[in-house]
Amino acid sequence: LAPSMNGTLSCTDKKTKAKEWARRMVTVHCRLESEVIPKLDSESHQPYSEITARDLMKWRMGLSSVLQEAASTQSLLTNELLNELFLFEGQCVYGTRFQSDVNRKKIQQALSIKNVGVDS
């Protein structure tokens, strides 16, 4: 979405962007739950590998707090920076559940922007 003449997004643009990111987060969460985690090496059947809607809410809260801080300081958030935050916060919630580096890497790959369909 293009910013207005003064460089800010309108309220409608912000809501549209927020819905777009929320949709992506839900899509990734569901994909992790149904496709990625069941295929992980040995850890997929451990109790800590089960993810719930609570994890999705943790991810949202992590992103939300960073975005609110940026808004309060009037920091410019580029799509590239938003993509990095998306990956980092998702990795904090989902990737840290797993002990093996191989499985953490698989979670990171599933979260990566190119696999989520996020435009840079």
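**An all-helix chain and its buried contacts**

From the N terminus on, the elements of the chain run α-α-α-α-α. This amounts to 5 helices and 0 strands, where helices (H or I, at least four residues) and strands (E, at least two) are DSSP runs, numbered from the N terminus. The model is a predicted one, so local features need pLDDT of at least 70 and side-chain atom pairs count only at pLDDT 80 or more, while totals for chains, interfaces and linings use all residues. Residues are numbered from 1 along each chain as its sequence is written, and side-chain values rest on heavy atoms, with hydrogens and water left out.

A look at the whole chain comes first. Of its 120 residues, 33% count as buried; here buried means under 20% relative accessible area, exposed means over 50%, and partly exposed lies in between (1.4 Å probe, protein chains only). The accessible surface comes to about 7800 Å², and carbon and sulfur atoms hold 56% of that area; such areas come from the Shrake-Rupley method with a 1.4 Å probe, and for residues only the protein chains shown count as cover. Among contacts with a separation of 6 or more, 65% join residues 24 or more positions apart, a contact being heavy atoms within 4.5 Å.

The interior is the next stop. The largest nonpolar core has 20 residues, a nonpolar core being a set of buried Ala, Val, Leu, Ile, Met, Phe, Trp, Tyr and Cys residues joined through side-chain atoms within 4.5 Å. Those with the most contacts inside this core are Leu 32, Ile 37, Trp 59, Phe 86, Tyr 94, Ile 107 and Leu 111. Helix H1 (11-36), helix H2 (53-72), H3 and H4 each supply at least two residues of the core, and the largest share, 5 residues, comes from H1. Beyond its neighbours up to four places away in sequence, Trp 59 touches Met 25, Val 28, Phe 86, Glu 89, Gly 90, Val 93, Tyr 94 and Leu 111.

Several of these partners belong to H3, whose buried residues are Leu 82, Asn 83, Leu 85, Phe 86, Glu 89, Gly 90, Gln 91 and Val 93. The length of H3 can be checked too: its 15 residues should span 21 Å at 1.5 Å a residue, and its end C-alpha atoms are 21 Å apart, which agrees. The expected span is 1.5 Å times one less than the number of residues in the helix.

A charged residue also sits inside: Asp 55, found in helix H2, counts as buried because its relative accessibility is 1%. Its side chain makes a polar contact with the side chain of Arg 97 (2.8 Å). A polar contact is a pair of N or O atoms within 3.5 Å; within protein, one must be able to donate a hydrogen and the other to accept it, and residues adjacent in sequence count only if both atoms are side-chain atoms.

Phe 98 lies in the loop between helix H3 (79-93) and helix H4 (101-111), and at 1% relative accessibility Phe 98 is buried as well. Leaving out residues up to four places away in sequence, Phe 98 touches Ile 37, Leu 40, Glu 43, Tyr 48, Ser 49, Asn 103, Arg 104 and Ile 107. Although Phe 98 and Leu 40 are 58 residues apart along the chain, their C-alpha atoms are separated by 9.6 Å. Gln 46, in the loop between H1 and H2, is partly exposed at 35% relative accessibility.
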